[in-house]
Amino acid sequence: MSTHPITQKRAPGPGRARVFLRRLREGDQVAHLVTFIFASAILLLSVLLFYELYRNSHLSRERYGWQFFYMSTWDPVFENFGALPFVYGTLVTSALALLLAVPGGVGAAIFLAELAPRRVSDVMTFLIELLAAVPSVVYGLLGIFILVPLLRTQVQPLLKEHLGFLPFFQGPIYGVGLLAAGALLAIMVVPFIISISREVLLAVPQRQREAALALGATRWEMTMKVVLPYAKKGIFGSIFLALARALGETMAVTMVIGNTPQINASLFAPGYSVAAVIANEFTEATSDLYISALIELGLVLFLLTILVNAVARLLILATGQGEARA
Amino acid sequence: MNVTEAREFPLLKMQIQVREEKPAAAGEATLVTERLVVRYGQRVAVQDVSLQFYRKLITAIIGPSGCGKSTLLRTLNRMNDTVANTSTGGLVQLDGEDIYAPGYDVIRLRRRVGMVFQQPNPFPKSIYDNVAFGLRINGLARSRAELQERVEKALRAAALWDEVKDRLDRNALQLSGGEQQRLCIARALAVQPEVLLMDEPASALDPVSTAKIEELMFELKKHYTIVIVTHNMQQAARVSDYTAFLLNGVLVEFDATSQLFTTPSDSRTEAYITGRFG
Amino acid sequence: MRDSWRKFVNVTMLSVTGLCTLLAASILFFILGYLAWKGGSLISWDFLTKLPKPVGETGGGMANAILGSAKLLLLASLVGVPIGFLGGLYLAEFGGKTFSFMVRYATDLLNGVPSIVMGVFAYTLIVLPMKHFSTFAGGIALGVMMIPIAVRSSEEFLRTVPKSLRDASLALGASKWKTIAFVVIPAALPGIMTGIMLDLARVAGETAPLLFTAFGNQFWSPGWMQPTASLPQMIFRYAISAYDDWHQQAWAAGLVLLMLVLATNIVARWVLRKRMRLMRA
């Protein structure tokens, strides 16, 4: 018998076998096709999302152009729509949320990853992850009836008394406002920061820790000087993810922020966020331009969260690569 | 029937109880490879191997680890097709048909040529469902009764029936390692293949289970052609009729087991079986 | 001298971080406790089966909201689960390199969409052409929100099925689709189902996407094409109202919602942890 590569053609087998074979192969093809169609549906949906937001905001985009972002009046009556108060409110509340949540959150993550015994860490992490599952309205409920009165009667007067020279803590005290929203957001994003930072910290290779301890470092020093720097990018990633969450948060914010489109340096002042104004005014929007402006706000929010999420993912990925190079 | 004979294997420096009274005569070759070449990307794993596997006899493939024996085995039922970046050249024939010919029914091939893997891999299903799987998938039983019959037959052939007949509904993963492997054999036998490929079937098992499986192979030989890859030379000597010795992907020697282990023709074979390497 | 300072810092920081953790973990109990205290007394058979009373009158219940949420979730699963599962199946078993990358990117994109924007999307897509609010629109909004997690869950668990099992099936003469249908999917199913349960629990609590799709309803909402009340939406409406009675109902509804969500989460996560541990062992 002569040698020949497998590509040599041979006479096909009996007819019945061929049909049977084709039918079997078709099963595979069908499965491939069906799943492909559904996977494409996902792609289609995301494209459609962009398209719908873009298309339905064109009235507002054409009317205002880039002005939209630095005009600070939001006047439905005279049809003057500027996004600045909402962008301001969103950014301030999110920044405040991070300011309050990050130190405690990273601290807790450090405790859970480095200092606590495994069992304790597992149980506490479980509880904290459950917090992330609490619906936004429930947080809002607690915000309105617990947080706001607390701020109004205890916290804000205290801040005003001792730190009133700062522009942040001046002006009338309502309870609702930027401070309330920021504080509530902080509570809502803390579980994310803790959960992701903890995982990032746990992923730091044991060799690094051992090297530090072998040189006589205390556990805290090992954590601060070796583990944390190693995990730095991942922790920043978790912060950005928390930021993305805070930016898009609607219900809890709208229940405590005061829903007033104004820009005020004081944290005591009521404000408004992009998500909150869409939620509140969408069904009341009387004109096409009004709705278009709200939809444009939605588009902006969407793009912003995409950007922040992308940065977050890059950072979290980068921690992994750090190890390969090191 | 079960006459054992203590035969001297001076090169292996031991006596081995061998089952056969006489050396088995080679009948027709049911499975043939000719100048088989297998590549993983750039690396050549099997080089120019021409072998004949005789009907209803046991052929062992031995060699040091990494010599390509598993790869060779996997070409015989085209399981290498599932590994990315492999290319196969040369000829592999089952009953005269080129199994790598375009249009050749791979599914049917795998029914005719069954495989038992090194690590027992029963499905996380009941014992019954494991054995019935091949039958159901290929539509081989026309009724519930027939299915049950064939499952029982397969389990008996694998010498497992008595141990599991009262717990066919239990999850297969609850069985011991040796039992799981025999279950995998039963599962492969259920579809009534002509050839059974065994890739180091006992290497993950304890000596008692290993002995049971070797016992089993003598029974199976009556009905099936068996090709077994093993790194255990004593096992090859005990069990097989013909042995092929592979080194670095190249077929060094292929002969009747009794010949190869007593008077090997190639010095490399002698070096391997006397333990000088591998 | 210096060493004792270092040791002091070490111990102090242990306490400080431990305190942070304790605080974070206890928030959950605080929330549950407070809701139970404020709203627990109101949960009765009436609450679960009666319609809301008009403004000013006391009593009444949230039966329509509970049913509305159930209908919305049913619709959401009908949309989210097939697309998510089959999409994940594609990525795990069939995917080509570039197309898979695009699908994964699109999935991550959808995952990051703020829920209010999803509501706007469903509004432009469904409510505008239909010219009215509906359960259908709300269900679609929630369904699209379910897709990313369903995809990720499905893909991950399908990938964990070991090659040896697939090989065993192929070696018995099963074709690829049969191997997937009868070996791979059954093995991955428990994990996938728990992932979908968590997904459902998440969208069950969403309000924002419903504000201008399902909108809300004082009464029953027959069929699928009329606006409907839902549990989270009622909580919102009652919470921001000026009536104490409604406030109390909001607490009660919040308690019901929270308990359902937490129960699902606890069960699902616990099951997942067990499976993870089994697989690692």
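**Exercise 1. Locate B:L175 in this predicted model and determine whether B:L175 is buried or exposed.**

Solution. Begin with the position in the chain. B:L175 belongs to the loop that joins helix 5 (161-164) to helix 6 of chain B. Next, consider the surroundings: 21 other C-beta atoms lie within 10 Å of B:L175. A residue counts as buried if 20 or more other C-beta atoms lie within that distance. B:L175 is therefore buried.

Then list the contacts. When neighbours within four places in sequence are set aside, B:L175 is in contact with B:Q180 and B:L183. Finally, take a residue elsewhere in the chain: B:E34 is 141 residues from B:L175 along the chain, and 40 Å separate their C-alpha atoms.

**Exercise 2. Compare the span of helix 5 of chain A with that of a straight helix, and state where the kink in helix 5 is centred.**

Solution. Helix 5 of chain A covers residues 136-163, which is 28 residues. At 1.5 Å a residue, a straight helix of this length would span 40 Å. In the model, the end C-alpha atoms of helix 5 of chain A are only 31 Å apart. Now examine the course of the helix: helix 5 of chain A has a kink of about 50°, and the kink is centred on A:L151.

**Exercise 3. Apply the span test to helix 4 of chain C, and name the buried residues of helix 4.**

Solution. Helix 4 of chain C has 16 residues, 97-112, so at 1.5 Å a residue a span of 22 Å is expected. The end C-alpha atoms are 23 Å apart, which agrees with the expectation. The buried residues in this helix are C:V103, C:A106, C:T107, C:L109, C:L110 and C:G112.

**Exercise 4. Describe the contacts that chain C makes with chain A and with chain B.**

Solution. Take chain A before chain B. In the contact between chains A and C, 66 residues of chain A meet 70 residues of chain C. Helix 1 (residues 15-56) of chain A supplies the largest share of the chain A side, 19 residues. By residue type, that side consists of 46 nonpolar, 16 polar and four charged residues.

Turn to chain B. Here 21 residues of chain B are in contact with 14 residues of chain C. Two or more residues of the chain B side come from each of helix 2 (106-112), strand 8 (113-116), helix 3 (127-137) and helix 6 (177-190) of chain B. Helix 2 of chain B gives the most, namely four residues. The chain B side comprises 10 nonpolar, seven polar and four charged residues.

**Exercise 5. Summarise the architecture of chain A and the confidence of its prediction.**

Solution. First, count the elements: chain A has 11 helices and two strands. Along the sequence they follow the pattern α-α-β-β-α-α-α-α-α-α-α-α-α. Second, note the division into domain 1 (15-56) and domain 2 (63-325). The centres of these two domains of chain A, taken over C-alpha atoms, are 39 Å apart. Third, consider burial: 48% of the 326 residues of chain A count as buried.

Last, assess the confidence. The mean pLDDT of chain A is 87, and 90% of the residues score at least 70. Among the elements of chain A, helix 9 (residues 251-256) has the highest mean pLDDT, 95, and helix 7 (residues 206-214) the lowest, 81. Over residues 1-14 of chain A the pLDDT stays under 50. Residues 322-326 of chain A also have a pLDDT below 50.

Methods:
Residues numbered from 1 in each chain as written. Chains lettered and ligands numbered in written order. Predicted model: local features only at pLDDT ≥ 70, side-chain atom pairs only at ≥ 80, totals over all residues. Contact = placed C-beta atoms within 7 Å. Nonpolar A, V, L, I, M, F, W, Y, C, P; charged D, E, K, R; others polar. Domains from an automatic or database assignment. pLDDT = per-residue confidence, 0-100. Buried ≥ 20, exposed ≤ 12 C-beta atoms within 10 Å, placed from the backbone. Expected span 1.5 Å × (residues − 1). Bend = angle between axes of the 7 residues up to and from the residue.
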